[in-house]
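Please open the model in a viewer and keep the selection panel at hand. The stops below proceed from one selection to the next.

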Amino acid sequence: MSKYQIAQLNIATLMAPIDSPQLSDFVANLDRINALAEDSPGFVWRLQTDEGDATGIDYFGSDKIVNLSLWDSVEALHNYVYRSAHVEIMRRKKEWFLKMGEAYMVLWWVPAGHIPSVDEAAQKLNILREHGPTAEAFTFKKAFPAPSELASVPTDTLDGECPAT
């Protein structure tokens with residue numbers, strides 16, 4: 001078992017209030033998509049209120065929704081996001097969400113068992129926005145290995161032979 005898990009934050013700007021008719025189909029699918037995540041291999045945890053979702057958390061503003069979760073690996077999260085029924089919801093995002101002009105999703109490694117706060121997630125998103133992908137905050141497109149994997153990468157790939165000799 002890895003000493004690290006992948007945390008992800010995803011925010012979206014709503015086109016209308018969450019309880020509006022325009023977002024009713026999105027809201028109607030929340031329980032199904034959240035259950036799909038929870039039943040997916042590699043899922044660890046997700047942020048939710050007593051209602052079972054995170055739509056009532058307005059940390060980023062009342063016009064934004066937040067998704068914060070933990071997974072065993074980048075691959076497990078990627079499979080859920082891009083190779084499950086979650087894709088059908090992503091294909092419809094233009095119906096419900098405004099296009100954001102800056103990064104709205106960030107990944108970062110946390111020690112296994114650590115539950116990230118929304119404040120921590122917001123800090124990671126800001127790091128990504130300010131510096132681009134780094135080992136501290138990154139994206140699917142430019143992912144970084146877990147710190148324990150970095151430590152286990154052999155530094156001597158030439159079997160001890162100096163290339164200058």
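**Helix 1 and its surroundings**

Select helix 1 to begin: its buried residues pack against strand 2, strand 3 (64-71), helix 2 (74-82), helix 3 (86-90), helix 4 and strand 4 (97-98). Contact here means heavy atoms within 4.5 Å. Helices (H or I, at least four residues) and strands (E, at least two) are DSSP runs, numbered from the N terminus. Buried means under 20% relative accessible area, exposed over 50%, and partly exposed in between, with a 1.4 Å probe and protein chains only.

This is a predicted model, in which local features need pLDDT of at least 70 and side-chain atom pairs count only at pLDDT 80 or more, while totals for chains, interfaces and linings use all residues. Residues are numbered from 1 along each chain as its sequence is written, and side-chain values use heavy atoms, with hydrogens and water left out.

Which residues of helix 1 are buried? Display Phe26, Asn29, Leu30, Ile33, Asn34 and Ala37. Next, centre the view on Leu30, where helix 1 bends by about 40°; the bend at a residue is the angle between axes fitted to the seven residues ending there and the seven starting there. The end C-alpha atoms of helix 1 are 24 Å apart, which agrees with the 22 Å that its 16 residues should span at 1.5 Å a residue. The expected span of a helix is 1.5 Å times one less than its number of residues.

**The whole chain**

Zoom out for the overall layout. The protein has 6 helices and 5 strands, and from the N terminus on its elements run β-α-β-β-α-α-α-β-β-α-α. Of its 165 residues, 40% count as buried. Among contacts between residues at least 6 apart in sequence, 73% join residues at least 24 apart.

**Aromatic pairs**

Now show the aromatic side chains. Rings of Phe, Tyr and Trp (its six-membered ring) pair if their centres lie within 6.5 Å; planes under 30 degrees apart count as stacked, over 60 as edge-to-face and the rest as tilted. By this rule the count comes to 8 aromatic pairs. One of them is the tilted pair of Phe26 and Trp96, at 5.3 Å centre to centre and 50° between the planes. Phe26 lies in helix 1 (residues 24-39) and Trp96 in helix 4 (residues 93-96), so this pair ties together parts that are 70 residues apart in sequence. Phe26 counts as buried at 9% relative accessibility, and Trp96 is buried with a relative accessible area of 1%.

For a stacked pair, select Trp71 and Tyr80, which are 5.3 Å apart centre to centre with 25° between the planes. Trp71 is buried, with a relative accessible area of 1%; Tyr80 also counts as buried, at 9% relative accessibility. Return to Phe26 and Trp96 and add Phe97: these residues form one aromatic cluster.

**Salt bridges**

The structure holds 7 salt bridges, each defined as a side-chain nitrogen of Lys or Arg within 4 Å of a carboxyl oxygen of Asp or Glu. Select Arg92 and Asp25, whose side chains meet in a salt bridge at 2.5 Å, N to O. The pair links distant parts of the chain, 67 residues apart, with Arg92 in the loop between helix 3 and helix 4 and Asp25 in helix 1. Arg92 counts as partly exposed at 26% relative accessibility, as does Asp25 at 31%.

Add Glu95, whose side chain meets that of Arg92 in a salt bridge at 2.9 Å, N to O. Glu95 is partly exposed, with a relative accessible area of 38%. Asp25, Arg92 and Glu95 are thus shown together as a network of salt bridges.

**Arg46**

Finally, move to Arg46 in strand 2 (residues 43-46). Is Arg46 buried or exposed? Its 10% relative accessibility counts as buried. What does the side chain of Arg46 reach at 2.8 Å? It reaches the backbone oxygen of Gly52. The side chain of Arg46 also makes a polar contact with the side chain of Gln48 (3.4 Å). A polar contact is a pair of N or O atoms within 3.5 Å; within protein, one must be able to donate a hydrogen and the other to accept it, and residues adjacent in sequence count only if both atoms are side-chain atoms. Not counting residues up to four places away in sequence, Arg46 touches Asn34, Glu38, Gly52, Asp53, Leu68 and Ser69.
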